[in-house]
There are 2 protein chains.
Amino acid sequence: MTDRTVPRTVEWIGDLDGHVSMIDQTKLSTELCMIECHDVESIHDAISKLKIRGAPAIGIAAAMGVVLGIRHYTGSDRAEFLEDLDNVCDYLAASRPTAVNLTWALDRMRRCARSSGQADISQLKVTLLEEAKRIRDEDAAMCRAIGRHGESLIKAGCGVLTHCNAGGLATSEYGTALAPLYTAHESGVPFRAYADETRPVLQGSRLTAWELQQAGIDVTLLCDNMAGSLMKDGKVDLAITGADRIAANGDVANKIGTYSLAVLSQAHSIPFYVAAPSSTFDLSVADGSQIPIEHRSPDEIRRGFGTLTAPANVPCYSPAFDVTPARLVTGIITERGMICPVDIDTIAAIIRSDTSGQDT
Amino acid sequence: MTDRTVPRTVEWIGDLDGHVSMIDQTKLSTELCMIECHDVESIHDAISKLKIRGAPAIGIAAAMGVVLGIRHYTGSDRAEFLEDLDNVCDYLAASRPTAVNLTWALDRMRRCARSSGQADISQLKVTLLEEAKRIRDEDAAMCRAIGRHGESLIKAGCGVLTHCNAGGLATSEYGTALAPLYTAHESGVPFRAYADETRPVLQGSRLTAWELQQAGIDVTLLCDNMAGSLMKDGKVDLAITGADRIAANGDVANKIGTYSLAVLSQAHSIPFYVAAPSSTFDLSVADGSQIPIEHRSPDEIRRGFGTLTAPANVPCYSPAFDVTPARLVTGIITERGMICPVDIDTIAAIIRSDTSGQDT
């Protein structure tokens with residue numbers, strides 16, 4: 001986020017004796033509370049209770065959690081130290097079992113320890129802290145690169161609609177979908193952002209509206225069903241969302257409602273962009289039909305505001321994600337550049353089939 | 001509603017000494033509470049506090065409220081009685097000043113009293129009660145006629161998506177958009193209904209899901225942003241919504257989100273129908289661009305149901321209605337028959353330019 005009066009989503013404070021400080025996202029947008037984690041248990045708790053969410057942010061928190069978990073090792077046995085480290089990683093991996101970024105970050109910490117030639121345990125601890133910080137810095141750099149590649153889409157006076165939260169709160173700093181907005185704002189380009197509230201969990205109203213407002217960006221909130229009317233009113237010049245997974249042909253799985261937004265964008269001749277790091281591409285998946293879609297608890301809809309707002313036993317249709325076909329996506333903004341047109345050849349050329357994992 | 005274990009939305013109980021019984025819609029879907037109104041003040045209170053809503057239901061309640069307001073007149077002076085009646089009507093008219101159906105029903109009660117030749121006040125009171133019941137019966141008949149004209153659209157095994165609440169709770173009995181569903185259900189046609197929750201006020205989850213479930217209809221609730229995904233999943237065979245106002249060319253103003261649904265329907269080649277009485281047509285309005293759209297308080301979005309779920313001061317885009325162009329509407333189901341194709345000539349032929357007001 002460009003206004004640095006707002007703390008970072010997740011940050012290491014101090015040296016090896018320091019701690020992890022993170023924004024409690026379950027309290028947003030009504031309260032800005034920091035959680036100060038001095039041990040691995042509190043990191044586990046924060047991840048499992050969704051106090052920190054967003055794949056990159058979870059990965060960074062977990063990597064820093066590894067350091068908290070092994071820094072008090074007092075022995076001098078390298079094998080024992082590595083065994084302790086594995087236990088810490090296994091413990092953290094269980095905090096949110098389905099988060100691929102979590103496993104990826106923990107594996108990177110394990111590899112770092114093993115590939116280090118240092119016999120000195122105290123030096124190895126410092127190396128691990130540096131690796132955790134490097135994961136954060138690489139994420140920040142990746143988001144900034146997405147911002148640079150997408151910045152030119154945002155012209156002075158335009159309206160930009162986004163959905164869910166693929167912002168600084170999901171990453172270390174700039175976010176993915178919001179990175180072009182932050183970059184344009186830093187460059188002094190005046191524009192208006194529109195944030196879908198994003199039912200059922202309201203990431204748009206609780207997180208995106210909050211972080212854009214904190215950064216001093218002119219943001220207006222709307223209910224998801226108002227996006228069509230907003231477009232018809234001529235207020236939207238482009239839409240940008242994030243992505244959870246992108247197939248080899250460019251089909252995009254993202255937060256439920258993204259597909260509706262893409263259809264509405266096409267009907268109004270509004271460009272629809274997806275911003276995502278190259279690690280989001282899963283080239284082993286030919287198209288979106290092969291991406292499994294998680295269905296959520298009906299009570300996220302029926303009790304969305306903490307209050308029962310529907311018959312207690314009414315069945316609900318509640319997919320967490322939907323798939324937007326590549327033909328509706330104008331371009332995909334990655335840290336390596338813009339993929340446009342969105343097709344298998346352009347994707348292959350930019351992403352390359354040998355790319356896998358997040359360390360790209 | 002077809003299951004008569006559920007009380008009617010608004011009903012007169014007993015004879016002239018009786019009272020008005022209505023469902024408290026502010027308590028739905030969590031509680032089914034009846035309000036028993038024995039005086040005109042409690043009718044005024046129910047209308048002004050939205051305990052009863054939906055244009056036809058408000059009109060019926062007001063007409064019955066007139067009877068409650070004048071039945072204790074003990075004099076024998078006809079002119080004085082009519083003056084009292086006017087005062088009661090004026091009092092009720094102020095309960096929700098912008099509701100056109102309210103004024104229309106009250107004017108009809110005034111006309112009924114004046115056009116009656118009866119000098120006997122006690123007989124005149126009975127005539128007025130009959131008129132109020134007639135308004136209810138005509139509404140019920142109109143809704144049933146819409147049901148008959150729309151019933152054939154609902155084939156065995158199909159999925160029907162609706163938005164907001166244009167059901168029995170908005171009228172005396174069957175509703176408008178939901179009338180074809182009730183009629184098909186009575187005829188034993190198996191189908192599945194889908195109800196958009198309809199943010200920000202959640203009429204879909206609180207009212208539509210409730211009343212369909214009460215009637216024994218298989219209903220599934222979804223968030224508004226899930227409609228596109230539901231259509232893509234092949235679950236929707238047709239969409240039906242109500243209308244607040246229809247222009248001479250067939251452009252339809254209805255609850256916000258209707259337009260998005262119509263665009264999504266077209267993109268999936270799903271027929272999109274509007275069900276509305278002929279009184280909803282405003283032939284003095286050439287097209288939808290001339291229909292003024294009310295914008296609602298930002299707190300309806302920011303504070304959902306009492307809980308703050310967004311930055312307290314974030315600006316909101318919150319139109320109460322949107323306009324769906326006639327080209328996206330497959331047909332309009334009225335009590336006089338189906339308008340299809342939706343164009344100025346077909347509308348003129350069925351609605352006729354000399355039609356105005358609700359007493360058609």
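This report describes salt bridges, cysteines, a charged surface patch and one buried residue in a predicted model.

**Salt bridges**

Over all chains, the structure holds 44 salt bridges. Three of them are set out below, each with the distance between the closest N and O atoms.

| Salt bridge | N to O distance |
|---|---|
| R110(A) and D107(A) | 3.5 Å |
| D137(A) and R136(A) | 2.6 Å |
| E138(B) and R108(B) | 2.7 Å |

The partners R110(A) and D107(A) both belong to helix α4 of chain A, which covers residues 100-115. They are three residues apart, or about one turn of the helix. R110(A) is buried, because its relative accessible area of 18% is under 20%. D107(A), at 33%, is partly exposed.

In the pair of D137(A) and R136(A), the aspartate D137(A) is partly exposed with a relative accessible area of 40%, whereas R136(A) is buried at 11%.

The salt bridge between E138(B) and R108(B) links distant parts of chain B, with the two residues 30 apart. E138(B) lies in helix α5 (residues 121-151) and R108(B) in helix α4 (residues 100-115). Relative accessibility is 36% for E138(B), which counts as partly exposed. R108(B) is buried, with a value of 7%.

Some salt bridges share partners, and these join R8(A), E11(A), R136(A), D137(A), R144(A) and E173(A) into one network.

**Cysteines**

How many disulfides does a search of the whole structure find? The search gives zero over all chains. C89(A) is in no disulfide, and the nearest cysteine sulfur, in C112(A), is 11 Å away. C89(A) is also buried, with a relative accessible area of 0%.

For C223(A), the closest cysteine sulfur belongs to C316(B). The two sulfur atoms are 7.8 Å apart, which is too far for a bond, because a disulfide needs the sulfur atoms within 2.5 Å. C223(A) has 0% relative accessibility and therefore counts as buried.

**A negative surface patch**

Four residues, D77(A), E80(A), E83(A) and D84(A), form a negative patch on the surface. Of these, D77(A) sits in the loop between α2 (55-70) and α3 (78-93) of chain A. D77(A) is partly exposed, with a relative accessibility of 38%.

**A buried residue in helix α2**

I60(A) is found in helix α2 of chain A. Is I60(A) buried or exposed? At 1% relative accessibility, I60(A) counts as buried. Along the chain, I60(A) and L106(A) are 46 residues apart, and their C-alpha atoms are separated by 9.3 Å.

Key: Residues are numbered from 1 along each chain as its sequence is written. Chains are lettered from A and ligands numbered from 1 in the order in which they are written. This is a predicted model: local features need pLDDT of at least 70, side-chain atom pairs count only at pLDDT 80 or more; totals for chains, interfaces and linings use all residues. Side-chain values use heavy atoms; hydrogens and water are left out. Patches are made of residues with over 30% relative accessible area and no salt bridge: like charges are joined within 9 Å, nonpolar side chains (Val, Leu, Ile, Met, Phe, Trp, Tyr) within 5 Å. Accessible areas come from the Shrake-Rupley method with a 1.4 Å probe; for residues, only the protein chains shown count as cover. A salt bridge is a side-chain nitrogen of Lys or Arg within 4 Å of a carboxyl oxygen of Asp or Glu. Lys and Arg count as positive and Asp and Glu as negative; His and the chain ends are not counted. The place of a charge is taken as NZ of Lys, CZ of Arg, CG of Asp or CD of Glu. Helices (H or I, at least four residues) and strands (E, at least two) are DSSP runs, numbered from the N terminus. Buried means under 20% relative accessible area, exposed over 50%, partly exposed in between (1.4 Å probe, protein chains only).
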